[in-house]
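Q: I have a structure open and want to go through it chain by chain. Can you take some questions?
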Amino acid sequence: MVDKIIIENLSLQYSDGTESLRNVSMGIRQNAVTVLFGPAGGGKSTLLRCLNRLNDLTEVKASSGRILIDGENILDPKTDVIALRRKVGMVFARPVPLPMSIRENIIYGLELAGEKRKSKLDEAVERSLKLSAVWDEVKDRLNDPAVALSGGQQQRVCLARVLALQPEIILLDEPTSGLDPISTGKVEGALLELKKEFTVILVPHSVQQAARTADHAAFFLTGELIEYGDGKTLFTNPKQKKTEDYIMGRFG
Amino acid sequence: MMTKFLSRNRHTVQRLGFIAITMVVIVTIIPIIGTIVFILVKGGSAISLEFLSGFPHDGMRAGGILPAIIGTLYLTLGTAVFSVPLGIAAAIYLSEYAKDNQVTRLIRLAIINLAGIPSVVYGLFGLGLFVLFLKFGTSILAASLTLSIMTLPVIISTAEEALRAVPQSFRTVSISLGATRWQTISRIILKEALPGILTGVILGLERAAGETAPILFTGAAFFLPRLPHSVFDATMALPYHLFVISTQVPEMPIQIQYGTALVLLVFVLTMNVIATVIRSRARARRQW
Amino acid sequence: MEKSLSWREFIITRLIQASGYSAILFVGLIFFFLLREGLPALSEVDASSLLNIRWYPLESHVGILPLISGSLVVTLGAALIAVPFGIGTAVYISEIAPRWMREILKPLVELLGGLPSVVLGFLGILVLAPFLRVFLNLPTGLTALTGSLLLGGIAVPTVVSVAEDALDSVPRAYREGAWALGATKWQTIWRVTLPAAKSGVLTAVMLGVGRAIGETMTVMMVTGNAPVLATGLGSLFSPVRTMTATIAAEMGEVANGSTHYHVLFFIGMVLFIISLVVNIIASSVVFRAKKRAERILS
């Protein structure tokens, strides 16, 4: 097993003083689910948004450190961020279907990347919807507006939209926070399939979900990485007192 | 006992107050409706095919107002050509690109000021810059440019509002899928904001179509026996024509005056109604 | 392909940025051309004759005091109408009217804002002026009052829309708090909502007045165009002439580059500065109000 991503001494502060990261270093394994968990404001989402440079859209006051993906520092100003974002896909907390049909949602990124051939696009639609386990539910209404779907379906379509670009890394920021238990189960099931092909980084919406899905788990508290290790070990036998307190539900 | 009296008293005050304020509203509204109905009724009998499609003759005391109608169309279109792309682009800048800094604040202040400058001052400016300095002469081009700058603040502020109403999450998602900023704007944001932008554009052009002072010395002609041939020709225009025939021409038949006012009013009101309809239909259909 | 894409992006971004900056450019250009054509007036006639009380350019009397006083009288009259009616209507729309009524009233008021000023001037000549002449038993109906009445109407939509926005942005909790303490709706409006929206309402009044000062065609058509110095309230009932009307009426006839021409531009410059001051003050009032709201919320 190799580290797909290596984070070195990453620190970051937003201009408005909210969430920040302090000197985070960690390696993230290929073809595994790495879970970043901890109380709100701990820096998990910030870290995710560093990995595809989505923080470029926010006002960042200061940042330092390096993030190496396949050995290349993506925080380098010369990085092609467009290519990076195709390689590192992201699913958000609330499903955000773009105001167009299901099919158009899926091929949006591909078309931007210059893919015009209908056969390729159709193929991508079917493949990615199957991967995200929603194909059977939507295959007969691909040209309907995506907003007409249920929340759980929308979120899986959003996942498919990311998969269509054939990324190598998938970031999920509390992807099931608005979903019912059944839809949550379907999304989690899809994740377990995905890790065979992709590097998955998940910010879960509960400790239970973290424990259910994690191959590796990292506990974040107020911008610091407190503990990082194998998922099973960390949730059954945490080394740090703070981690244990959080897992036991003593604070939240 | 005392409180009971007080409480009755203040409810009487409230009732009287509401009656007073309702009267205020009625006094405000009746002249608006009255004006429109009055002109529709009085001008209606002047409207005929000849009036709409003929040229004025006998010192404008007879005949039609075609050149004025066409002229106002030209000026409105000319204004649109300049102000619509520029206004929308400026709105995109303010909503999608501008950071919250001194320059942006200055731009906003400039827009507020553009909106407040008296229309006749726009006329002076147009005369100074377009007619004399750039030597466009008294022409459709000079008048359209002048009206464009006057219309700009209306278009910018309504378009910016429409753009800002599009949820931020669309932008984030689009960028995260590998879109550039402009691709995001052109493929998603503009499409979603279109009805709002359109409403602003029409309201801006409506104002341009009805204005007289800015075109007085930049492009309006007292009388032209023919239609303008190029953008360097002066033109007749409905509002200026109404001004001329109601103040400058003695013994002007009243029918023609009312008829001209009616045509101008219909022109402007139609734009207003279209804008209102677009806005309310878009609101009803919106999915976010 | 990627390369050409990023070039396109670059150029489009620059174009958009330039369009954004153009607003500053236009304000600058307008001011520049007014100065360029208006300042020579100061060297051609000395300041004392500009401040004279006679406006008769054909004989080189270019005192602009009568015009300024004319503008003031008409605008003051217009404000006396637009403020109560505008704020009253705004209060009604935002606080009292049922929803369906609001949906009718708002477009109607907007419609008034869209009526071309020549149409109002036209009706002023044909309907309002004769009525006032008979009703008030005046020698002519074309007076400052006629102008004020119409200008008041023209300023109403501006006042209504800005004031209504201000009232609308008063948090609902304020009203509910007042109701919970037993205040009537009416008391709540006067003692809570309106004071809370004070700065926005003030802005509304200023912008309305600004609109009235700058209005041209209507006043030119109905105020009788007599450049006499207004000395008191009595001038409301006699003909006056405003700065805007003077420019509109005379610019067409003067020779480019003549003293008269420069003085007209000078008047335009004065108007420009007045509107600049009004708008800067009005917008800084809004700014301050916004900041206070942010403080309350944080």
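A: What follows goes through confidence, then the contacts between chains, then the fold of one chain.

Q: Fine. What are the overall scores?
A: This is a predicted model, and it scores ipTM 0.89 and pTM 0.89.

Q: What is the mean pLDDT of chain B?
A: The mean for chain B is 91, and 97% of its residues reach 70 or more.

Q: Which elements of chain B have the lowest and highest mean pLDDT?
A: Helix α1 of chain B has the lowest mean, 83, and helix α3 of chain B, residues 66-97, has the highest, 96.

Q: And chain C, what is the mean there?
A: Chain C has a mean pLDDT of 87, with 94% of its residues at 70 or more. Confidence in chain C is lowest in helix α3, residues 47-50, at a mean of 78. It is highest in helix α12 of chain C, residues 243-250, at 93.

Q: Why should I care about low values?
A: Where pLDDT is low, the predicted coordinates should not be read in detail.

Q: OK, contacts. How many residues of chain B are in contact with chain C?
A: On the chain B side 66 residues take part, in contact with 67 residues of chain C.

Q: Which helix of chain B gives the most to that side?
A: Helix α1 of chain B, residues 2-44, gives the most to the side that touches chain C, with 16 residues. That is also the element with the lowest mean pLDDT in chain B.

Q: How does that side divide into nonpolar, polar and charged?
A: The side of chain B that touches chain C has 45 nonpolar, 18 polar and 3 charged residues.

Q: Now the other partner. How many residues of chain B are in contact with chain A?
A: Here 15 residues of chain B are in contact with 18 residues of chain A. Two elements of chain B give two or more residues to this side: α7 (168-176) and α8 (181-210). The largest share, 7 residues, comes from α7 of chain B.

Q: What classes are those residues?
A: The side of chain B that touches chain A has 6 nonpolar, 8 polar and 1 charged residues.

Q: Switching to chain A itself. How many helices and strands?
A: Chain A has 10 helices and 10 strands.

Q: What radius of gyration does chain A have?
A: Chain A has 18 Å, which agrees with a compact globule, because a globule of 252 residues would have a radius of gyration near 18 Å. Its C-alpha atoms fill a box of roughly 50 × 40 × 40 Å along the principal axes.

Q: What percentage of chain A is buried?
A: Buried residues make up 44% of the 252 in chain A.

Q: And how far apart in sequence are the contacts in chain A?
A: Among contacts between residues at least 6 apart in sequence, 70% join residues at least 24 apart.

Note on methods:
Residues are numbered from 1 along each chain as its sequence is written. Chains are lettered from A and ligands numbered from 1 in the order in which they are written. This is a predicted model: local features need pLDDT of at least 70, side-chain atom pairs count only at pLDDT 80 or more; totals for chains, interfaces and linings use all residues. Two residues are in contact if their C-beta atoms, placed from the backbone, lie within 7 Å. Helices (H or I, at least four residues) and strands (E, at least two) are DSSP runs, numbered from the N terminus. Ala, Val, Leu, Ile, Met, Phe, Trp, Tyr, Cys and Pro count as nonpolar, Asp, Glu, Lys and Arg as charged, and the others, Gly among them, as polar. The radius of gyration is taken over C-alpha atoms; the globule rule is 2.2 Å times the number of residues to the power 0.38. A residue is buried if 20 or more other C-beta atoms lie within 10 Å of its own, exposed if 12 or fewer, and partly exposed in between; C-beta atoms are placed from the backbone. pLDDT is the predictor's confidence in each residue, from 0 to 100.
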